[in-house]
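The exercises below are meant to be worked through with the sequence and the coordinates at hand. Each task sentence is followed by a solution that proceeds step by step.

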Amino acid sequence: MLLVEAFKRFEQEQRIRGNSPATLDYYRDCFHSFYDWFQSFWDFQFDFLSEVSRQDIKNWLCYLADSPLSSASVATYFTGIRAFFRWCFSEKLMDEDIMQ
């Protein structure tokens, strides 16, 4: 499954749960930050949820830590992307919980 397709399902689930528009925007920001980095890091070769690894998450966090973002902002992005990938695992879209 494509990352974007998985995120659309996640976003739909969050709407069903009654999350506010601000929360949905937050999840979108977190996802797009990771997705944009992931595609540029792998030179657009990978797009699939199954291709994301725990090491990719660590590399992305290092990238964020080296950016002008504060450590609190990096932690906030991590929290959002962790919610997405844990949801993917709970929905059996991933074989492994890469956020452990």
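**Exercise 1: the packing of α2 on α3**

In this predicted model, helices α2 and α3 pack with their axes 10 Å apart and at an angle of about 105°. Classify their mutual orientation, and then describe which residues form the contact and of what class they are.

Solution. Step one is to place the angle: values of 65 to 115 degrees count as roughly perpendicular, and therefore α2 is roughly perpendicular to α3. Step two is to list the partners, which on the α2 side are Cys30, Ser33, Phe34, Trp37, Phe38 and Phe41, and on the α3 side Asp56, Ile57, Asn59, Trp60, Tyr63 and Leu64. Step three is to sort them by class, which gives nine nonpolar, two polar and one charged residues for the contact of α2 with α3.

**Exercise 2: two contacts of α4**

Determine how α4 is oriented towards α2 and towards α1, and compile the residues that meet in each case.

Solution. Begin with α2 (residues 21–41) and α4 (residues 71–90), whose axes come within 9 Å and cross at roughly 90°; this makes α2 roughly perpendicular to α4. From α2, the residues Tyr26, Tyr27, Asp29, Cys30, Phe31, Ser33 and Phe34 meet Thr76, Tyr77, Thr79, Gly80, Ile81, Ala83, Phe84 and Phe85 of α4. Sorted by class, the contact of α2 with α4 holds ten nonpolar, four polar and one charged residues.

Continue with α1 and α4, which pack with axes 10 Å apart at an angle of about 95°, and which are therefore roughly perpendicular to each other. Here Leu3, Ala6, Phe7, Arg9, Phe10 and Glu13 of α1 meet Ala83, Phe84, Phe85, Trp87 and Cys88 of α4. The contact of α1 with α4 divides into nine nonpolar, no polar and two charged residues.

**Exercise 3: the nonpolar core**

Which residues have the most contacts inside the largest nonpolar core, and which residues does Phe84 contact beyond its neighbours within four places in sequence?

Solution. The largest nonpolar core has 24 residues, and the most contacts inside it belong to Leu3, Phe34, Leu49, Val52, Phe84 and Phe85. As for the helices, α1 (3–16), α2, α3 (54–65) and α4 each supply at least two residues of this core. Turning to Phe84, and leaving aside neighbours within four places in sequence, one finds contacts with Leu3, Ala6, Phe7, Phe10, Phe31 and Leu49.

**Exercise 4: the overall fold**

Describe the secondary-structure pattern and decide how the compactness of the protein relates to that of a globular protein of its length.

Solution. The protein has four helices and zero strands, and along the sequence the pattern reads α-α-α-α. The radius of gyration of the protein is 13 Å, close to the 13 Å that the globule rule gives for 100 residues, so the protein is as compact as a globular protein of that length. Taken along the principal axes, the C-alpha atoms fill a box of roughly 35 × 30 × 25 Å, and 33% of the 100 residues count as buried. Finally, among contacts between residues at least 6 apart in sequence, 58% join residues at least 24 apart.

**Exercise 5: the surroundings of Glu96**

Is Glu96 buried, partly exposed or exposed, and which residues does Glu96 touch?

Solution. Glu96 lies in the segment after α4. Its relative accessible area is 44%, and since partly exposed covers the range between under 20% and over 50%, Glu96 is partly exposed. Not counting residues up to four places away in sequence, Glu96 touches Arg54 and Phe89. From C-alpha to C-alpha, Glu96 and Arg86 are 9.3 Å apart in space, while being ten residues apart in sequence.

How values were computed: Residues numbered from 1 in each chain as written. Predicted model: local features only at pLDDT ≥ 70, side-chain atom pairs only at ≥ 80, totals over all residues. Heavy atoms only, no water. Axes fitted to C-alpha atoms, helices over the stretch in contact; angles between N-to-C directions. Parallel < 35°, antiparallel > 145°, perpendicular 65-115°, else oblique. Contact = heavy atoms within 4.5 Å. Nonpolar A, V, L, I, M, F, W, Y, C, P; charged D, E, K, R; others polar. Core = buried A, V, L, I, M, F, W, Y, C linked by side-chain atoms within 4.5 Å. Buried < 20%, exposed > 50% of the residue type's maximum accessible area, 1.4 Å probe, protein only. Rg over C-alpha atoms; globule rule 2.2 N^0.38 Å.
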